[in-house]
Amino acid sequence: MACERICHPLARIFVDTIYGKNQVMNTEPSRPLLDFRPSKDYFIGIDSDGCAFDTMEVKHKECFIPNIIRYFGLQAVSRYTREAAEFLNLYSRWRGVNRFPALLRTMDLLAEREEVRQRKFDVPRLPAVRKWLAAESHPGNPALEAVIAAGNSDCAELKLVLEWSMAVNRAVTDIVHDIPPFPAVRNSLEKAVKHADLMVVSATPSEALEREWAEHELSQYVSLIAGQEMGTKAEHLRIAAGNNYSSDRALMIGDAIGDLNAARDNQVLFYPIIPGAEARSWERFNQEALERFLSGNYAGRYQDSLIAEFETLLPDTAPWQNHQAKRM
């Protein structure tokens with residue numbers, strides 16, 4: 001039975017087949033990105049959550065995770081849900097991943113946990129979401145609304161996930177405010193904007209990004225705020241940097257492996273903000289790395305050493321997985 005239509009101005013972003021094999025993309029959400037034109041010789045893309053702002057911990061611990069437990073009935077295994085979601089989203093190589101794949105990966109980690117299996121707890125597997133993500137290249141609330149509006153037999157599960165995502169957004173609006181940028185961010189932007197076009201490159205919904213950057217008067221330094229609705233970070237960089245800047249004059253600043261991969265996919269330079277050492281990372285950028293970038297002395301041994309340090313601090317195996325392996 002088809003579910004009721006959700007009225008939303010972006011509900012027609014993807015049309016034709018329910019799961020988008022013949023997707024026709026409405027470019028309106030991406031129009032500001034497509035219309036971007038360079039004004040300087042250098043480009044710097046900057047991630048927001050956990051990179052410019054110390055918002056990752058509060059968003060996940062106070063907004064995402066409580067709603068995962070509530071909406072998916074995980075109260076009986078809440079302790080293990082928190083551990084799985086915190087590891088995945090804050091302390092692992094998946095840090096910064098889009099919320100929908102992150103939700104599935106959290107469920108997978110939970111289902112694999114020995115303590116959860118011992119309790120014979122049935123972890124939701126969310127097959128409809130897996131099917132949707134297998135076909136969807138721009139996972140976000142508008143795209144999910146479009147699938148639900150089309151009507152299909154998986155509607156109940158998809159509606160639940162959309163309700164969860166919208167509840168997360170409401171919690172972020174209610175809870176996440178008055179959080180200043182990391183020390184040295186403002187000084188770094190003030191110095192960098194004299195020489196480079198600056199752009200927010202993020203997987204966070206645009207509404208939250210615009211509010212947070214405006215709240216702390218940082219919007220004045222960036223040419224554009226590109227959020228989840230405008231595509232992936234790799235797409236942001238491809239469209240904005242692409243052929244507009246030489247590869248040694250385009251830089252991505254991020255705190256997650258996904259940011260590094262987006263930079264590599266587009267052959268631009270990368271500066272890591274180290275989780276747990278964000279203030280030190282920004283100070284180093286302000287005092288040292290920015291000048292190296294602008295003078296053409298960033299690529300090579302210097303960049304490689306920063307990335308090597310960054311990658312060692314974000315593991316792909318959870319602590320309890322190592323303990324389970326040792327017991328086997």
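In what sense, parallel or antiparallel, do strand β4 and β5 pair, and over how many bridges? In this predicted model, strand β4, which spans residues 250–254, and β5 pair in the parallel sense, and four bridges connect them. Within this pairing, G254 stands opposite P272 of β5. The connection between the two strands passes through α12, as the chain runs from β4 through that helix to β5, and the resulting β-α-β crossover is right-handed.

The surroundings of these strands were examined residue by residue. Strand β5 comprises residues 269–272 and is covered on both faces, with L269 and Y271 buried on one side and F270 and P272 buried on the other. In strand β4, the position considered in detail is I253, for which the relative accessible area is 1%; because this value is under 20%, I253 counts as buried. Although I253 and Y271 are 18 residues apart along the chain, their C-alpha atoms are separated by 4.8 Å. When neighbours within four places in sequence are left aside, the contacts of I253 include F270, Y271 and I273, together with W282 and F285. On the other hand, I253 is also in contact with residues of lower number, namely I44, G45, I46, D47 and C51.

For the protein chain as a whole, 15 helices and five strands are assigned. The chain has 328 residues, of which 53% count as buried. Among contacts with a separation of 6 or more, 73% are accounted for by residues that lie 24 or more positions apart.

The open spaces of the model were then considered. The largest pocket has a volume of about 460 Å³, and its lining consists of 26 residues, with V97, N98, A203, T232 and K233 lying nearest its centre. At least two residues of this lining are supplied by each of α11 (233–240) and α12 (257–265). The largest share, six residues, comes from α12, the helix through which the chain also crosses from β4 to β5. Classified by residue type, the lining of the largest pocket has ten nonpolar, ten polar and six charged residues.

The second largest pocket holds about 340 Å³ of space. Of the 24 residues that line it, D49, F64, A203, T204 and P205 are the closest to its centre; A203 is thus named both here and among the residues nearest the centre of the largest pocket. Two or more residues of the lining of the second largest pocket are given by each of α2 (56–71), α8 (155–175) and α10 (206–215), and the largest share, four residues, comes from α2. By class, this lining divides into seven nonpolar, nine polar and eight charged residues.

Enclosed spaces were also sought, and a search of the whole structure finds four cavities of 30 Å³ or more. The second largest cavity has a volume of about 70 Å³ and is lined by H60, F64, I65, I68, A85, N89, R99, A102, L103, T106 and W164. The elements that contribute two or more residues to the lining of this cavity are α2, α3 (78–91) and α4 (99–112). Seven of the lining residues of the second largest cavity are nonpolar, three are polar and one is charged. F64, which belongs to this cavity lining, is also one of the residues closest to the centre of the second largest pocket.

Terms used:
Residues are numbered from 1 along each chain as its sequence is written. This is a predicted model: local features need pLDDT of at least 70, side-chain atom pairs count only at pLDDT 80 or more; totals for chains, interfaces and linings use all residues. Side-chain values use heavy atoms; hydrogens and water are left out. On a 1 Å grid over the protein atoms alone, a cavity is a set of points where a 1.4 Å probe fits but cannot get out, and a pocket is an open set with protein on both sides within 12 Å along at least five of seven lines; lining residues have an atom within 4 Å of a point. Grid points are joined across faces, edges and corners, and a volume is the space filled by probe spheres set on the points. Ala, Val, Leu, Ile, Met, Phe, Trp, Tyr, Cys and Pro count as nonpolar, Asp, Glu, Lys and Arg as charged, and the others, Gly among them, as polar. Buried means under 20% relative accessible area, exposed over 50%, partly exposed in between (1.4 Å probe, protein chains only). Two strands pair if DSSP finds at least two bridges between them. A crossover is right-handed if, with the strands pointing away from the viewer, the path from the first strand over the helix to the second runs clockwise. Contact means heavy atoms within 4.5 Å.
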